[in-house]
Amino acid sequence: MKKVVSLALTFLIAFILTSEVQAQHRQKVIYLQNYNNVPYHFGFLLGVNFMDYSLHLKENYQNQIHPSNEFPDGNDDSFHGDDLDHFQILNVESQSKPGFSVGVIGDRRLGEYFNFRFSPTLSLSSKYVTYTNRLYDQNGEIIKIKSYLDGNVVYKDYKEIVSDDQLATFLEFPLHIKYRSKRYNNIGAYLLAGVNPKLYLASRKTKIDSGGHPALLQTNRGDIALEIGAGFDIYNQWFKMGMEIKFSYGMINVMKDDVISMGYIYNSPLNEVRNKQLQ
């Protein structure tokens, strides 16, 4: 995530500086001079996003002993589930894969430098949580997990379980106040901030396995996020194009805390789960 942010900021700064240097070497034609005085504008957005979880773990969760009925049924040949008596969760880590967003933009002029923006958006992405576990048999011995490395069989003293949301889909309703700078030829910078109510479009039935246990990390569907972003507008002969980077952090703990969810591996080591996103 940090590398993505650094690359995005570098790109934005380099693009603006390059445009300004080019503008100094030629006389610019000023396009759409009255654009910002029009009360309403409409458009669309396309974006790349990185969704992730912010996990707040329980204190000393690594030392807690969990019974075998809190561990998912094995569906591979790495070990025999009948040998498992109890286990420990050694590490919990959230990861993400890039996704995309598409939406429409409604913009209302509030003053010389301020606008109100509403942009309903459909965002798709993959985020998942990896649980590293140590398994024990009835004698208290560590169960060795068979794996393969460069075609050779090796045995590890831990097993990873992944809670995976394949193409998690969110319907978002961002409400932003946009502060615009004065135009420099055909480029203008801006800042924006606001809130973003979100709805996770997924059926809870797909999160329960055949045995009635949670099949992955259990979360609520609704969320509200605080957002802040920055970008610049490029005015062309017929239209205006904007490029921006935006950060989003959930205000609500979306983790389910019911008895079924908290009594299983995915939710049990966690105190809070919040959504976060870079777009």
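Which side chain meets Asp233 in a salt bridge? In this predicted model, the partner turns out to be Lys240, with N and O 3.6 Å apart. The two ends of the bridge sit in rather unlike surroundings. Asp233 is buried, at a relative accessible area of just 3%, while Lys240 comes out as partly exposed, at 24%. The pair does not stand alone, either: salt bridges with shared partners join Lys178, Asp233 and Lys240 into one network.

Glu227 and Lys246 make another such contact, their side chains meeting in a salt bridge at 3.5 Å, N to O. Glu227 belongs to strand β11 (residues 222–235) and Lys246 to strand β12 (residues 240–250), so this bridge ties together parts of the chain that are 19 residues apart in sequence. Here both partners, Glu227 and Lys246, are buried.

Then there is Arg134, which forms a salt bridge with Asp157; their closest N and O atoms lie 3.5 Å from each other. This pair links distant parts of the chain, 23 residues apart: Arg134 is in strand β5 (residues 121–136), and Asp157 is in the loop between β7 (152–156) and β8 (159–172). Neither end is tucked away by the 20% cut-off for buried. Arg134 has a relative accessibility of 22% and therefore counts as partly exposed, and Asp157, at 27%, counts as partly exposed too.

Taken over the whole model, the tally is six salt bridges, among them Arg134 with Asp157, Glu227 with Lys246 and Lys240 with Asp233.

Conventions
Residues are numbered from 1 along each chain as its sequence is written. This is a predicted model: local features need pLDDT of at least 70, side-chain atom pairs count only at pLDDT 80 or more; totals for chains, interfaces and linings use all residues. Side-chain values use heavy atoms; hydrogens and water are left out. A salt bridge is a side-chain nitrogen of Lys or Arg within 4 Å of a carboxyl oxygen of Asp or Glu. Helices (H or I, at least four residues) and strands (E, at least two) are DSSP runs, numbered from the N terminus. Buried means under 20% relative accessible area, exposed over 50%, partly exposed in between (1.4 Å probe, protein chains only).
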